[in-house]
Structures are given as structure tokens and as C-alpha cells.
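Grab a pencil and your favourite viewer. Here are some short exercises on a metal site and two pockets, each with a worked solution.

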Amino acid sequence: MFLRNAWYVAAWASEVAERALFHRFILGEPVLLYRKLSGEAIALGDRCPHRFAPLHLGRLVGDVVECGYHGLQFNAAGACILNPHGEGIVPPRARIPQYVLVEKYGLLWIWMGTRDLADPETIPDFQHLVDPARATVGGVTTINAHYELATDNLMDLTHVRFVHKSFVDTAANSGGKQSVEQVGNTIVSTLWYPNGRPSALFSKGLDTDIAVDHWFDIRWDAAALMRLDAGMTPTGRPRAEGRQTTGSHLLTPESKDTTHYFFANSRNYGVNDPEMDTHFRKWQKIGFGEQDKPMIEATQRYMGTTDLMSLKPTLLRSDAAAVKVRRILCSLLEAEQQSESNHSAGAQVSEKGDLRGGPV
Ligand code: FES
Ligand SMILES: [Fe+2]
């Protein structure tokens, strides 16, 4: 069960090239992404209503998608506009879903729910991704686990001193101070490690024989959009005097037990330094790909379910942010389902009304 009335990342904008058909499963549904001749990005269902062929195996004809199996053509609104067979009659119900898609911050944001509820202004701020004063490196990978487990991993950053010991060992991390705040449906969790040693992640090229403070402040918005403000500064000095990176951690469920993980680091130092790019790419490859990912996936296997709470886990104080996130998600899902069931009950009443008034 996924929240549908929420923004998800469908792709990095750069993944969807001109004149190409790109596809990805999102919330368990096949989605086709392409660009019109104008460059506008479009998201449609990727399954032909005739014999259910993947439409990405077809081709683009102008702004229209032609199915590669028997040639039905669909416009950018998802309507079938051409049947190349017989008398060319187009069955009126031959159409595919069209999703709201917005290109912003170098990402393609998709809304899988009710179109009228999609407000691009509610996409959380990820401006740092396109900030020319920063250098951004990023990518996308798949985690073979439910997306909420990947969210748990990010919302409880006490794991970094164990899982990422080789990158984020500060020698102060046993005395970290944590706080969690909820503003509306946004959660902000902060973690502060004062007076430690420089971590390998932030100290490349620096004197490591100094005392520093580290911080890891993460913001969450539904369903799984996280921004991590992390950095290191000489002990007692303002953060602006140190090194900082804003991380983007954007999770999109592919299915109930697989997750697309879009990630990036946008740093405010070494902006034109290719070696620093390489350093962060190594962090992402090892930190996310070889440290977080196997731990989350192994946890999923040992849970044997995607319902964490049904296993009655032992909870620690450091779980506060992750638990708040789960509670908010749960209430948003319940509200969405309630509104859907009200809507379908209303539709049934009006259908009966139509029948009563019909030519019986
Ligand atoms: S499956 Fe698409 S036209 Fe037949
Ligand atoms: Fe991690």
C-alpha cells in the first residue's frame, strides 16, 4: 500500500533523453517517460491496453508513442489516436494513464494520485541540487527492500558510526546530541557530535590533527524525500567556517520490496576540484552501495515481512525520528484511503441513481 497523493522522483532529468523511451516501475506500476519535441517531459502508463506490450519497446512518432507490437498510437494525454488496422476504428476506451510530471531541480517529479491534488509548489526545496555555488555528484541505485526500511536507515543517523566507520569516525560520536522536531508533516532530526576528530568524509586535503564539531541534520517529507545537511567545522566555530554538503536522499518505491534510491551530495567546497568529485563518488559507491544497501537488504530478509511494527521491534531513543515518520505516513495513508472509499461510495450512489432513472 503506497501513498499516491505525494511527489515521488521518477528520474533524474538527464536520464530521459530526447527522442528516447525510458521506463521504470513506480509504486508497482510500469511508467513510460519521454520528451515531446518541445522538450517537455511526459509520463504515461507503459502498458498497451491491447495485448499489454511494454510501450517502451515501440517508438516515438513526433509527440506520439507507437506500440511496437501492433502499432496503436497514443498521444501525450494517453489517448489512443490511431489504429492502423482494418477501418481504423479507435476503441474509445483504448487509453493509458497519464501522470502529472514536473521537471524541477534537475529531477522529474511524478504524482501518481488524483491530478487535481497535484500542486508543484508542494515539492520540497531541493534547490541546492542546481546551486551554481556547489558541486553536485549523484546517481541512482536499487535497494532490494521496502522503502520504509531505507527511510529508517536515513532517519536514524546513529548508524553512521558503525556502518560507515571508515568514513565518519569522529572519535566524538559516542557523545552525540540528538533532537527531533515536527513541523506540520515535516520531520527534522539533528545530530551533533562536538569536539571530535576530523572524519575521512570531510577532511580530504586538510590537517587532521585538529578538533572539530560534526553535524548531521536531516529533513523528511512524505513519502520519502530527505535532505541531509551535514558538515564539519573547527570546534566552537560557526558552521559557515567549515565544510558542508547537502545530501539528497530520494526514495521511490519500485514495488513493495524494492526501492529506487536517487542520491546526491552537493558540497560547498572544492567546487571545481575533480579529485573531490571522485572522493564523493567513492563515498556514494561504498557508503551507500556497499555499506547501507547490504545492511538494509539483509535486515529485510531477516524480517521476512515489510511490516516492521508487526514484529514488535525493540525501540531506542534514537528511533524517535523514524518512528514519527512512520506515524505520519500511516495517518496520511489512512486519510487517503478514507477519502477514496468516500469517493467510491459516492460514485456507487450516483450509479444507482442513474440506473433508477434509466429506461428499465
Ligand atoms: S499490444 Fe500494443 S498494439 Fe497490440
Ligand atoms: Fe548510511
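The exercises below use a predicted model.

**Exercise 1.** Work out which protein atoms are donors to the iron ion (ligand 2), and classify their arrangement.

*Solution.*
- Step 1: pick out the donors. They're NE2 of His159, NE2 of His164 and two OD atoms of Asp292, sitting 2.1 to 2.4 Å from the iron ion (ligand 2).
- Step 2: check the angles. The four donor atoms span 58 to 148 degrees, while a tetrahedral call needs all angles between 85 and 135 degrees. The arrangement therefore comes out as irregular.
- Step 3: look at the spacing. Along the sequence, the donor residues follow H-x4-H-x127-D. His164 sits in the loop between α2 (160-163) and β12 (177-183), and Asp292 in helix α3 (residues 274-303), so this pair ties together parts 128 residues apart in sequence.

**Exercise 2.** Decide whether His164 and Asp292 are buried or exposed.

*Solution.* Buried means under 20% relative accessible area. His164 has 1%, so it's buried. Asp292 has 4%, so that one is buried too.

**Exercise 3.** Describe the lining of the largest pocket and of the second largest pocket.

*Solution.*
- Step 1: start with the largest pocket, at about 570 Å³. It has 21 lining residues, with Asp152, Asn153, Asp156, Thr299 and Asp319 closest to its centre. Helix α3 gives the largest share, four residues, and the lining splits into 11 nonpolar, six polar and four charged.
- Step 2: move to the second largest pocket, about 400 Å³. Of its 17 lining residues, those nearest the centre include Glu148 and Arg326. Here α4 leads with seven residues, and the classes are eight nonpolar, three polar and six charged.

Key. Residues numbered from 1 in each chain as written. Chains lettered and ligands numbered in written order. Predicted model: local features only at pLDDT ≥ 70, side-chain atom pairs only at ≥ 80, totals over all residues. Heavy atoms only, no water. Donors = N, O, S within 2.8 Å, 3.2 Å for Na, K, Ca; no water. Tetrahedral: all angles 85-135°; square planar, octahedral: opposite > 155°, others 65-115°. Helix = DSSP H or I, 4+ residues; strand = E, 2+ residues; numbered from the N terminus. Buried < 20%, exposed > 50% of the residue type's maximum accessible area, 1.4 Å probe, protein only. 1 Å grid on protein atoms, 1.4 Å probe; cavity = no way out; pocket = protein on both sides within 12 Å on 5 of 7 lines; lining within 4 Å. Points joined across faces, edges and corners; volume = space filled by probe spheres on them. Nonpolar A, V, L, I, M, F, W, Y, C, P; charged D, E, K, R; others polar.
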